[in-house]
Number of protein chains: 2
Amino acid sequence: MVSSKTARKLEVASPVPADIDIANSVSPLHISDIAADLNLSPHHYDLYGKFKAKGRVEEVIRYLYILSVDVLLPVLDEFQGSPDGYYVVVGGITPTPLGEGKSTTTVGLCQALGAFLDKKVVTCIRQPSQGPTFGIKGGAAGGGYSQVIPMDEFNLHLTGDIHAITAANNLLAAAIDTRMFHEASQSDKALFNRLCPPNKEGKRTFSDIMFRRLKKLGIDKTNPDDLTPEEVKSFARLDIDPDSITWRRVMDVNDRFLRKITVGQGPEEKGMVRETGFDISVASEIMAVLALTTSLADMRERLGKMVIGNSKAGDPVTADDLGLGGALTVLMKDAINPTLMQTLEGTPVLVHAGPFANIAHGNSSVVADKIALKLVGPGGFVVTEAGFGADIGAEKFMNIKCRYSGLTPQCAVIVATVRALKMHGGGPAVVAGRPLDRAYLTENVSLVEAGCVNLARHISNMKAYGVNVVVAINMFSTDTEAELNAVKKAATDAGAFDAVICTHHAHGGKGAVDLGIAVQKACENVTETMRFLYPLDISIKEKIEAIAKSYGAAGVEYSEQAEKQIAMYTSQGFTHLPICMAKTQYSFSHNAAEKGAPSGFILPIRDVRASIGAGFIYPLVGTMSTMPGLPTRPCFFDIDLDTTTGRVIGLS
Amino acid sequence: MVSSKTARKLEVASPVPADIDIANSVSPLHISDIAADLNLSPHHYDLYGKFKAKGRVEEVIRYLYILSVDVLLPVLDEFQGSPDGYYVVVGGITPTPLGEGKSTTTVGLCQALGAFLDKKVVTCIRQPSQGPTFGIKGGAAGGGYSQVIPMDEFNLHLTGDIHAITAANNLLAAAIDTRMFHEASQSDKALFNRLCPPNKEGKRTFSDIMFRRLKKLGIDKTNPDDLTPEEVKSFARLDIDPDSITWRRVMDVNDRFLRKITVGQGPEEKGMVRETGFDISVASEIMAVLALTTSLADMRERLGKMVIGNSKAGDPVTADDLGLGGALTVLMKDAINPTLMQTLEGTPVLVHAGPFANIAHGNSSVVADKIALKLVGPGGFVVTEAGFGADIGAEKFMNIKCRYSGLTPQCAVIVATVRALKMHGGGPAVVAGRPLDRAYLTENVSLVEAGCVNLARHISNMKAYGVNVVVAINMFSTDTEAELNAVKKAATDAGAFDAVICTHHAHGGKGAVDLGIAVQKACENVTETMRFLYPLDISIKEKIEAIAKSYGAAGVEYSEQAEKQIAMYTSQGFTHLPICMAKTQYSFSHNAAEKGAPSGFILPIRDVRASIGAGFIYPLVGTMSTMPGLPTRPCFFDIDLDTTTGRVIGLS
């Protein structure tokens, strides 16, 4: 094991200064040094984002101070034969609206492994959405002495991947409405003539993408002039049923007024109005494709086969039918490369993809994890974060992400806080922006003990996958020894491999050394083989019910609409896909108010949708908003630029 | 004069290959070499986008192959004392829908100046919108042997400036609707308590941006608790009149179905529905701010004072009132740096900002032009392109852009084609995507002569600014000598300094050497001082009428709505701003079908809006769409990615 040349230990101050002050107090390392430490050569990455350099052009590299680079996908091919490192997923208990420090713990654990335990380590995390950054949550770079830097670059634009998703998603949306519009006003022949116009010599040709539709229709002719009128009609007329369209527009902003809108009200659109809406960009199927794809060629196929709705005859209509699979791939070609950044203690971080775990599959990219596992090699660690509680983020990590990647984790870390466990034990509601009730600030061991049912269920659910579970107790200054011991006991009683108190927020990697050691032992002592919660070859309903059971549900109730959609996807041949539940993150059940470990409830499935390109069916459990809103006083009130220094201020 | 080390002459093929094939046949130079040739040191720029590098990290710079860099704004401060080079604006005659090769001529002229005439030269052009790239127009990198490379990077995302504009614009839009929503359901006191919540110690504070609103309201208190109930109300309640809102959402996609929409139809929005719509992103006021700003501090002020509508009492409500001026600046902090690219012949190009000229002010950024003028220095040339015909793009260049920049052009180039002049002389309609009528493919000198009235009016309009006018006749293979001579004669008769035939599409810079020589002479022989078309201290109507007169109008007719808006902006104290007409690019008049040089018409002003942050009033002349649509067969049908090589195919 060669220890890292870039990892370094921090000097910490007490009390812990503001996140942005800590972030600004550390000079980022040359990212090329971090890359070199991972055996990445310059031909493995694209420079991206900012750098500062001084001196002559020939000397620039010595002063290179690049803040992020995109690691290029071909790295995977080059390292194909190398063995992987250990693979660790970080999930959490059911959180309060304040969050339980899962990103912070993920970063802190990696700082411990890299800067204190001399391990090769890569942190794999998601790119944050700008919606929450300017809304209620603020940034997502971790906090205290466990952060990804530079945090302003991390939280804003980064290398533009989410913007690329927005652009691609909305180009497809525009193509859908416009195609229906043009089909409504043109004869089959006129449509066909426009789709395959004669060139200067009067000769017509199909473009490459049109052959995909021809193939789907079973037409093997290559000369447009040879098509029969029936073939012309079936080729040129997608005949989209407006009521069947599931493709929505997206925007990376918390804009609640776009949740439900009517489009097409301009006079030129001739009355073709339609109700639709916007989701936040990270909820786009294209984000899920980015997170689950394994290569450019795979991404091209997934983007092309995304289903936007049905024809009036009930056949799925795809992006390729609309002529767009190629153009969408072009828009996403750079987004497929993960971005290399660093922690405060100089350990490498791969940032890539950013689906939410409640309304999407909630995990960073397969590509980043695969590259990272090769880069750390045997004995090294890749720590990847799954969103929200382990019921949603980590469940989808196992059953969707690992299914597509073929990767096997050795250890699942579950992050718990005394605060959240007290809430699960019956403590008063925790509301963002309001002062905490004193129940959370003074010792109350019985409240903690009562809440540990939540932790216990998450542990047993994770153990069922055949991984070792380590509980990371993210300690707050108000936690007492008795409370912390209660959590440790409950965790080991529930079958955790270990339960460790961590103070990485206050102390950086040093505060997570014990956690690092526990995770190492957990990875080295796997006794079971990994198994999924459900096989793919059962019905959609059986899969939904398997997941519902893991939530504690006694049964599942399907709305009429859900029944209709399940029947449709079944008849369309999409039963073989895994399931991505869209469910509140605030309870095992569909009811955010039900804390602890509810059981016996009936899980209501309001609707069922499909992301065929990404590769999953997603049932909507109760009402799930796919577009957040802004509070009365959003974070943006505090954010400004120091126009003299160019520094961002007020970002948290 | 030190001649360029990077400029190089091309080998050209005949017939001219496809644009993408030419672009791919040339290896881009190391952008650092191009930067060095402009006396830019590495500390003057940020690396951005792609590069390829081989070898050890220490050697990476030698192999640097960066495709674009962002030139940092502080360059301007450093070169403050240096004298400027010559400043040339490229406009055109009233175009056909096929375009007259204005970008191509701009690039070709610079290739001639740099690679053949040994001049320091920088091309300043706009970043293209992705809407037309995937819609009907294709890319905007020039064409043939006069292109900006790499054309796929140029046309797609680039360094994310337009995406940043979209994000900023839509954050403001979301804040408007959400603020109205929260104000509707909360008492003054509750609103105030949320805007200025007590911290842990129970103390309230105003955030910095709130002091801007307090100042505007004439409240000089610094402690929130000291405000009277009336002051609390006036501070916390913006009381936006929904019918007065002029701020629309934007998207960089041709999505006609978003032109007019109804938002807020979700059940949680409690019936607060509102009609609004999306514009294409380049029409955002934030794009205009980017194009007209001169520094970070200036941009901060402009973004904060953008007016989104009025309070019910009729007072303008600004982005700063909503708490957003700082956050918008943070989103735009990197976008303010222009992007350095290169032509096929290795001359430098600054790409920055991209407003359309028909619905916005149509010129690239002041910042890029200012930097470029310093970099080329005395005897060097900055060639900047103004959109569409000189009646809109170049008019706004003179009266808006030069007014804000304080810069003075020496020469205006007007690009003309025989094809467009034949159309103006009475030739049949030219329609994109349909074969050209034979009138355009065979000699018809009288048609050309008749059409030259259009060219003549553009020449005399431009001469009125006190600049020398050079006509660039962009030659097509079907043009005859007699036709070309007719254009030359008409141009010099109308007072042009010179009129030159160019073949840069077929021959690169070599085909524009005569044009380069003519432009040099025009710059060296300025006899007049620059003057504007109208002073700022006359009424809004007088300014509109001055511009209308330059179109050939006999008068102006204002709708009731326009009258109302003019009265409002006048009473709000915005009369001092220049005017940015939103008018069809296909005629001097409001009627696209009126070719040649129409006169005697009455110009209808349908509505009047204001971009207070950008700094202009914009009358809408007739019906102008601010969101393009997709045709039946958009460009995207041909665009794909070669997933083996990663190369973009089918982009034109």
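**Helix crossing, hairpin and sheet**

Helix 12 and helix 13 of chain B cross in the right-handed sense (near helix turned clockwise from the far one by less than a right angle). This is a predicted model: local features need pLDDT of at least 70, side-chain atom pairs count only at pLDDT 80 or more, and totals for chains, interfaces and linings use all residues. Residues are numbered from 1 along each chain, chains are lettered from A and ligands numbered from 1 as written, and side-chain values use heavy atoms, without hydrogens or water.

**Helix pair, chain B**

- Helix 12 spans residues 296–304 and helix 13 residues 325–332; helices are DSSP runs (H or I, at least four residues) and strands likewise (E, at least two).
- Their axes lie 8 Å apart at about 130°, with lines fitted to C-alpha atoms and angles running from 0 to 180 degrees between N-to-C directions.
- That angle makes helix 12 of chain B oblique to helix 13 of chain B (neither under 35, over 145, nor 65 to 115 degrees).
- Helix 12 of chain B makes contact (heavy atoms within 4.5 Å) through residues including M299(B) and L303(B).

**Hairpin, chain A**

- Strand 11 (residues 307–310) and strand 12 (residues 316–318) of chain A pair antiparallel over three bridges; pairing needs at least two DSSP bridges.
- G309(A) has V317(A) as its bridge partner.
- Five residues separate the strands, and G314(A) takes a positive phi near 95°.

**Open sheet, chain A**

- Three strands run in the order 19-20-21, with mixed pairing.
- Strand 19 and strand 21 of chain A are the edges.
- Helix 22 (residues 560–571) of chain A packs on the sheet, touching strand 19, strand 20 and strand 21 of chain A.
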